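Here are some exercises in reading strands and helices, each with a worked solution. Have a look at the model first, then try each task before reading on.

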Amino acid sequence: MNATSLVEELATCTRRCKEMDAPLADRLAELAADVHRIAPDFADIVDRMVHRLQSGGAGSTAPAIGTQLAPFVLPDENGHLRSLPEFMGTGNAVIAFHRGHWCPYCQIEARALARIEPEVHANGGRIVIITPETQAYTRRMKTESGGQFPILSDLDSGYALELNLAIKINDEKRNAMTSAGWDISAFQNNDDWILPIPATFVLDRAGVVRGRFVDPDYRRRMDVEDMLDTLRRAQVPFTPAA
Amino acid sequence: MELHQIRYFLLLSEHLNFTAAAEACNVSQPALSRAIAQLEGELGGELFRRERKLTHITDFGRAVLPALRDCHQANLSVKELARDYHQEGQAPLRLALSRSFDMDVLSPLLEELGRAFPRIEIGVFRGTAREITDRLRNGDVEIAVAGQLSYEWDRIETKRLFEEHFGLLIRRDHKLARSEIVELLELAEERLLGCPDCPITDALRTKLKQVGTSRVIGHEVSAIEDIPPLVDANFGVGVWPTDRGYDRDLLITHVDGFQMSRWVQVYTVFGRAHSAAARTLMNLLRARDWSRLLQHDATPTELVA
């Protein structure tokens, strides 16, 4: 199969999975199955990368439940600097690291986040997405997701590294991504080929991590129901387990 | 990758000696070796090779070095900004801009900086590529936004921002005003009006000489804003950035088969202590949606009656 038709077929699958009436985990799994079917070689490369990351414990040292999330000040899709304390001002927050506008799994998750956003807002919470992309792409991602949430540019993954979430894409994966039309260097304004491990942190009003989902298998994300549950629990201050 | 692994990797790549690097990292040598081995495991390749007492960086190590250095530098910037944000400390920012770069493009970014650093103090220098390069090299400015520098050295950090297109600014009653494209030879009799050492003007001049124009007459102005009034006063055709507005009733035309454009980049120097404001501006410049500047078409702003 040539690269163009692969990209087109993937886009069709992504659209279908985005709009499916099913839990987020099922929609992501459906897309992963589609990728295995239409691009088995690509899927093998992904499996190898994920296996290598998992066996080395990548992401395991990201902020743990009960710890304070490190502060950030990053530009949003309109070029305005936004800081973590500003989002904590009104209540709880969901901080989600995404790989970028091009990533079909991120697209599916962003759409799912947009759907729960009214409920999060109703409870005084905020959703914030962080990607390593420049504003031309964060803006596009926001429009396509249908969400109100800011999408922040973490250029060169400096903040992702602070949370031990940065990974380097190897040559094999880079070539596979480039062939699929995903030349992330153009999206990130660098030649680094570094991406964040997609991760979600649910913070309480004190900025303490109350919910955490970090998986080097980027095809899996925190379920939105868990997110909403954790946000409800985070209404009361954190007490460490005895 | 973990922050400390990258830090150790960068220090070891400088020292090329496990004992010295462990000392610089303030850890034991086994801890350093373990962190490097973990990073090698994650990256899937050997970063260093030990031969007797010598430590070499491998080709693989060299290949991943720039990316990891960028990421680490970005991490330092994030921490610095988070620490200094909204603080009352002094925030000096010395900046060099090419003459064609429109301050209107920069002003929203400076507005953000002003909010982030209430006591920011800026110094803006405009000049030729040569002057900008010298100032960057000497440390007189921390950041430069310009076309190609006149020379580069190994510690220069460059990021592309946008492609700047130029055209020829002419009077409506000029004989070349009848079409949007002019032939190169039609310019043989024209006087060119541009900024000193402007690479676009120089390239056009060279091209005209190549096609046989014996002598190209030119006018020079060091402030680009002076070009429209001088064109209006019949002082030739102006070399003008097409995305920039002007407050005269003039036209922009293009030379057939001769592309007048250049990449505008942001420059800084590695390894120097930069102010948090400079690092933040660098990030704001890089993150900005430059496609918007290019989409905006060069319609002249309305003449005030």
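**Exercise 1. In which hand does α5(B) pass α9(B)?**

*Solution.* Before starting, note that this is a predicted model, in which local features need pLDDT of at least 70 and side-chain atom pairs count only at pLDDT 80 or more, while totals for chains, interfaces and linings use all residues. Residues are numbered from 1 along each chain as its sequence is written, chains are lettered from A and ligands numbered from 1 in the order in which they are written, and side-chain values use heavy atoms, leaving out hydrogens and water.

Step 1. Find the two elements: helices (H or I, at least four residues) and strands (E, at least two) are DSSP runs, numbered from the N terminus. The crossing of α5(B) with α9(B) is right-handed. A crossing is right-handed if the near helix is turned clockwise from the far one by less than a right angle, and left-handed if anticlockwise.

Step 2. Now the geometry: helix α5 (residues 103-116) and helix α9 (residues 276-287) of chain B have axes that come within 10 Å and cross at roughly 135°. Their pairing is therefore oblique. Axes are lines fitted to C-alpha atoms, for helices over the stretch in contact, and angles run from 0 to 180 degrees between N-to-C directions. Under 35 degrees counts as roughly parallel, over 145 as roughly antiparallel, 65 to 115 as roughly perpendicular and the rest as oblique.

Step 3. List the contact (heavy atoms within 4.5 Å): B:Leu106, B:Leu109, B:Glu112 and B:Leu113 come from α5(B), and B:Ala277, B:Thr280, B:Leu281, B:Leu284 and B:Leu285 from α9(B). Sorted by class, these residues give 7 nonpolar, 1 polar and 1 charged. Here Ala, Val, Leu, Ile, Met, Phe, Trp, Tyr, Cys and Pro count as nonpolar, Asp, Glu, Lys and Arg as charged, and the others, Gly among them, as polar.

**Exercise 2. Describe the surroundings of β3(A), starting with its two faces.**

*Solution.* Step 1. Strand β3 (residues 93-97) of chain A has 5 of its 5 residues buried, so the rest of the structure largely encloses it. Buried means under 20% relative accessible area, exposed over 50% and partly exposed in between (1.4 Å probe, protein chains only).

Step 2. In a regular strand the side chains alternate between the two faces of the sheet. On one side of β3(A) are A:Ala93, A:Ile95 and A:Phe97, on the other A:Val94 and A:Ala96, and both faces are covered.

Step 3. Look sideways: β3(A) pairs in the parallel sense with strand β4 (residues 126-131) over 5 bridges, and A:Ile95 has A:Val128 as its bridge partner there. Two strands pair if DSSP finds at least two bridges between them.

Step 4. With strand β8 (residues 199-203) of chain A, β3(A) pairs in the antiparallel sense over 5 bridges. The partner of A:Ile95 in β8(A) is A:Phe201.

**Exercise 3. Place the sheet of chain A and the helices on it.**

*Solution.* Step 1. The sheet is open, with 5 strands in the order β5-β4-β3-β8-β9 (chain A) and mixed pairing. At its edges are β5 (151-153) and β9 (209-214), each pairing on one side only. From one strand to the next the twist averages 20°.

Step 2. Helix α5(A) packs on this sheet and touches β3, β4 and β8 of chain A, its direction making about 155° with that of β4(A). Helix α6(A) touches β4 and β5 of chain A, at about 165° to the direction of β5(A).

Step 3. Helix α5 (residues 104-122) and helix α6 (residues 135-145) of chain A have axes that come within 9 Å and cross at roughly 55°, so α5(A) and α6(A) are oblique to each other. The crossing is right-handed. A:Cys106, A:Ala110, A:Arg111 and A:Ala114 of α5(A) meet A:Met141, A:Glu144 and A:Ser145 of α6(A). Their classes are 4 nonpolar, 1 polar and 2 charged.

**Exercise 4. Which residues does A:Glu119 contact, leaving aside its neighbours within four places in sequence?**

*Solution.* Step 1. A:Glu119 lies in helix α5 of chain A and, at 36% relative accessibility, counts as partly exposed.

Step 2. The contacts of A:Glu119 beyond those neighbours are A:Leu228 and A:Arg232. A:Glu119 and A:Leu228 are 109 residues apart in sequence and 8.3 Å apart in space, C-alpha to C-alpha.
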